[in-house]
Amino acid sequence: MELARLLQSQGFGSRAECRALVASGRVCVNGRRCTDWARPYEGEGLVFSVDDVSWRYRQAAYLALHKPAGYECSHRPQRHQSVYSLLPRPLTRRGVQAVGRLDQDTTGLLLLSDDGAFVHRYTSPRKLVEKVYEVRTRHMVDDGQVRTLLEGVTLRDEALPVAAAGCERLDDRHLRLSLTLGRYHLVKRMLAAVGNRVESLHRVAIGGFVLPPDLRAGEWIWLEAADLDLLAVGRLTAAGGDPVHGDRPATLGGQGS
């Protein structure tokens, strides 16, 4: 692939913009400056830099972001900043999308990708992908509320009761709640249905991938092959329709340029 076209695929602008970028001497490939935009390169394993910022060629982008409070999962936010403002411009220009949404006041693990099949896989209700949240509640949580959340609660506009895949009381006002469905304000509505209220909500895991403890709010990382394998661990639908369970490691994540 010619260098200008390769840069275009990675989000560095139009073909003409990428040709000008190379011609102006702002691009290095494998540590060497290149001014020939037509020079061909193999994308796989290629390391390049633009304005001294290092990148590795990736056919598709898979990201994990530690979403802070006060950000909307939208390219056109209404009242708050967009989560996309936390990403470098080349990633937004290549079209990464949030895999599902977190409310503006919800924090924690958010996946992003420009791979449409990946986005569908982790947003489709048919796949039963487990998502784990830590919930701080306004009122004390009792055994009856935990039991009801596991058995299922009836919500407005839902034809069937909605049940948590898992619910553990960590202390009097702190729950770890696992869901396989994605619905608008679902955790908040479920807690309201049992007579409680969410004070704070933080997503800690999707499938078998746990938000890395050293990833600070507002930071992001590339997901590597091992991380993508971990995402597939959990309550994914097997061929026969039964959930497949997997063990979740304590700390995970893949750093990358």
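Aspartate 52 sits in the loop between E3 and E4, and the exercises below start from there. The model is predicted, so local features need pLDDT of at least 70 and side-chain atom pairs count only at pLDDT 80 or more, while totals for chains, interfaces and linings use all residues. Residues are numbered from 1 along each chain as its sequence is written, and side-chain values use heavy atoms, leaving out hydrogens and water.

**Exercise A: a loop residue and its sheet**

Task: Work out whether aspartate 52 is buried or exposed, and describe the open sheet that contains E3 and E4.

Solution:
- Begin with the names. Helices (H or I, at least four residues) and strands (E, at least two) are DSSP runs, numbered from the N terminus.
- Next, check the surface. Aspartate 52 counts as exposed because its relative accessibility is 71%; the cut-offs are under 20% relative accessible area for buried, over 50% for exposed and partly exposed in between (1.4 Å probe, protein chains only).
- Look at the backbone too. Phi of aspartate 52 is near 70 degrees, a positive value in a residue other than glycine.
- Now take the strands on either side of the loop. Strand E3 (residues 47-50) pairs with E4 in the antiparallel sense over four bridges, where pairing requires at least two DSSP bridges between the strands. One of the matched positions is phenylalanine 48, with tryptophan 55 in E4 as its bridge partner.
- Finally, put the sheet together. Four strands form an open sheet in the order E2-E1-E3-E4, with antiparallel pairing. Its edges are strand E2 (32-33) and strand E4 (53-56), each of which pairs on one side only.

**Exercise B: strand E10 and its partners**

Task: Find out which strands E10 pairs with, and place histidine 174 in this picture.

Solution:
- Start with cover. Five of the seven residues of E10 are buried, leaving this strand mostly covered.
- Follow the pairing to E12. E10 and E12 are antiparallel and share six bridges; here tyrosine 133 stands opposite leucine 177 in E12.
- Then turn to E13. Seven bridges join E10 to this antiparallel strand, and threonine 137 has valine 198 in E13 as its bridge partner.
- Locate histidine 174, which belongs to strand E12 (residues 174-179). It counts as buried because its relative accessibility is 10%.
- List its surroundings. Beyond neighbours within four places in sequence, histidine 174 is in contact with Glu134, Val135, Arg136, Thr137, Glu168 and Arg169; contact means heavy atoms within 4.5 Å.
- One of these residues has a further link. The side chains of histidine 174 and arginine 136 are joined by a polar contact of 3.4 Å. The term covers a pair of N or O atoms within 3.5 Å; within protein, one must be able to donate a hydrogen and the other to accept it, and residues adjacent in sequence count only if both atoms are side-chain atoms.

**Exercise C: the largest pocket**

Task: Say which elements and residues line the largest pocket.

Solution:
- Fix the term. On a 1 Å grid over the protein atoms alone, a pocket is an open set of points where a 1.4 Å probe fits, with protein on both sides within 12 Å along at least five of seven lines; lining residues have an atom within 4 Å of a point.
- Read the lining. The largest pocket has 31 lining residues, with Arg101, Leu102, Asp103, Arg183 and His185 nearest its centre.
- Add the elements. Strand E10 (131-137), helix H6 (186-193) and E13 each give two or more residues to this lining, and H6 provides the largest share, three residues.
- Look closer at histidine 185. It lies in the loop between E12 and H6, and it counts as partly exposed because its relative accessibility is 27%. Its phi is near 50 degrees, a positive value in a residue other than glycine.

**Exercise D: the whole chain**

Task: Describe the chain by its secondary structure, its span and its burial.

Solution:
- Count the elements: the chain has seven helices and 17 strands.
- Take its span: along the principal axes, the C-alpha trace covers about 70 × 45 × 35 Å.
- Check burial: 45% of the 257 residues are buried.
- End with the contacts: of those with a separation of 6 or more, 63% join residues 24 or more positions apart.
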